[in-house]
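Me: Please take one end of this model as a starting point and work outwards from it, giving atom-level distances where there are any. I would like the cut-off behind each term stated once.

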Amino acid sequence: MTKDHQVYLDYAASTPVDQRVVQAMLPYFSEVFGNPSSAHRHGRQAEAAVEQARETVAQALHCQSNEIVFTSCGSESDNLALRGAALAERTKRGAKRILITPVEHHAVSHTAAQLERLFGFEVEHLPIDSTGMLLVDHVAPMLTPDVAVVSAIYANNEIGTLNPIADLGRLCRERKIPFHSDAVQAGAYLPLDVQALNVDLLSLGAHKFYGPKGVGVLYARRGTKIEPHLTGGGQEGGLRAGTHNAPYIVGLAEALRLAQAERESRLQTLLPMRDWLIQQVLGQIPGAQLSGHPQWRLPNHASFVFPGVDGNKLLMALDVEGFSCSSGSACKTGDPKPSEVLLALGLSPELALGSLRVTLGSATNPPDLERFIPVLSAAVARLGKLAGSSVAI
Ligand SMILES: *Cc1c(COP(=O)(O)O)cnc(C)c1O
């Protein structure tokens, strides 16, 4: 198809802001613009909007509104949770081990690495299987009193696999170890009841569920100690200084409310399209393999590896042909490092370099996907042949 009809198949990277969310945000840029911390009427109006949003988010998460911390993004929520809990637990009881899965988003894995490098923590990986799912039955012996914090991704951004968060949470709760889950990909589609999930800390970012970029949430269970990482004014219970971004906070709350209210209908449109896509790719493209779990995966998420294909070249070819997809991670062109997540599944570096992620969303429709399959099939065949011939020469 021509460039004026570029099809977006990268909803795991970001989503468009829902028009209803835009409408909810608009009054808070120029009409109700006061600083929510100011005592006068302008400030109180803005504060009322922020507190209403907090109430909405608390309802969605089944928690108290004073357990909601607004942040600037999902990454910041992950940082605040992991660094904040690790430092507080070390101060409190000298704990210095951090347990994470080997398939975390960099917002968690790089934060853990920094805690190891600069702050003397020891980071260990929780066991996973070849679909990237946590082997929760093997975890208990690792949960000793010197563990400061445990973090496990709820729904994987690269491979779509869902984790048994509630089971891991129960094990941590029994041992009074703070448990964080990165739920940034889960926000759009999965239940977010923090009581049922047994989490102490849970991260969300609005732009993954049709809200604006630049705003996130950290749920922090009452009694969970976290050291603030942005110090200054006393906003957000002293955990996160900085004047509230009222329009974005309002937008996040409305987007989350809509995601929950419309969850069933969104699932019913996306699931059949996802399953059709996976079936077509595996059936029609020789050598194609699904990465991640075949059933326990995000309802909008399909991810593959193609042997002998350069994933970056594949992305560029698809882009030229009118389809915006992603490789495993937001892998920059010219950086041919295989994804750590795919390597952690046990894939060879060569195979991991041939990855493709196709994530569906609000504008996805069957005709676009029907046009996508032959385009993908031809691109894989062409690139595979190129690689083969260069080896032969
Ligand atoms: C996108 C994403 C993040 C980062 O969220 P931002 O709001 O973009 O900072 C963290 N974790 C996961 C699983 C994600 O998909």
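Reply: D310 caps the N-terminal end of helix α9, with a side-chain oxygen 2.8 Å from the backbone nitrogen of N312, a pair inside the 3.5 Å limit for N or O atoms in a polar contact. This is a predicted model, in which local features need pLDDT of at least 70 and side-chain atom pairs 80 or more, while totals for chains, interfaces and linings use all residues. Residues are numbered from 1 along each chain, and side-chain values use heavy atoms, without hydrogens or water.

Helix α9 runs over residues 311-320 (a DSSP run of H or I, at least four residues). Its buried residues (under 20% relative accessible area, 1.4 Å probe) are G311, N312, L314, L315, A317 and L318, so N312, whose backbone nitrogen faces the capping oxygen of D310, belongs to the buried set as well. After α9 comes G322, which has a positive phi, near 105°.

Turning to the ligand, the residues around it (a heavy atom within 4 Å) are C73, G74, S75, D78, H105, I153, N157, D182, V184, Q185, H207 and K208. By class, this shell has three nonpolar, six polar and three charged residues, with Gly counted as polar. Helix α4, residues 74-93, gives the most to the shell, namely three residues.

Three side chains can be followed down to single atom pairs with the ligand. S75 places a polar side-chain atom 2.7 Å from a ligand oxygen, and D182 places one 2.7 Å from a ligand nitrogen. For H207, an N or O atom of the side chain is 2.8 Å from an oxygen atom of the ligand. The protein covers 90% of the 380 Å² of accessible area that the ligand has on its own (Shrake-Rupley method).

D182, which has the contact with the ligand nitrogen, also falls within strand β6, residues 179-182 (a DSSP run of E, at least two residues). S181 has its place in the same strand β6, and S181 counts as buried because its relative accessibility is 0%. From S181 to I249 there are 68 residues in sequence, and the two C-alpha atoms are 21 Å apart in space.

Notes. Buried means under 20% relative accessible area, exposed over 50%, partly exposed in between (1.4 Å probe, protein chains only). A polar contact is a pair of N or O atoms within 3.5 Å; within protein, one must be able to donate a hydrogen and the other to accept it, and residues adjacent in sequence count only if both atoms are side-chain atoms. Accessible areas come from the Shrake-Rupley method with a 1.4 Å probe; for residues, only the protein chains shown count as cover.
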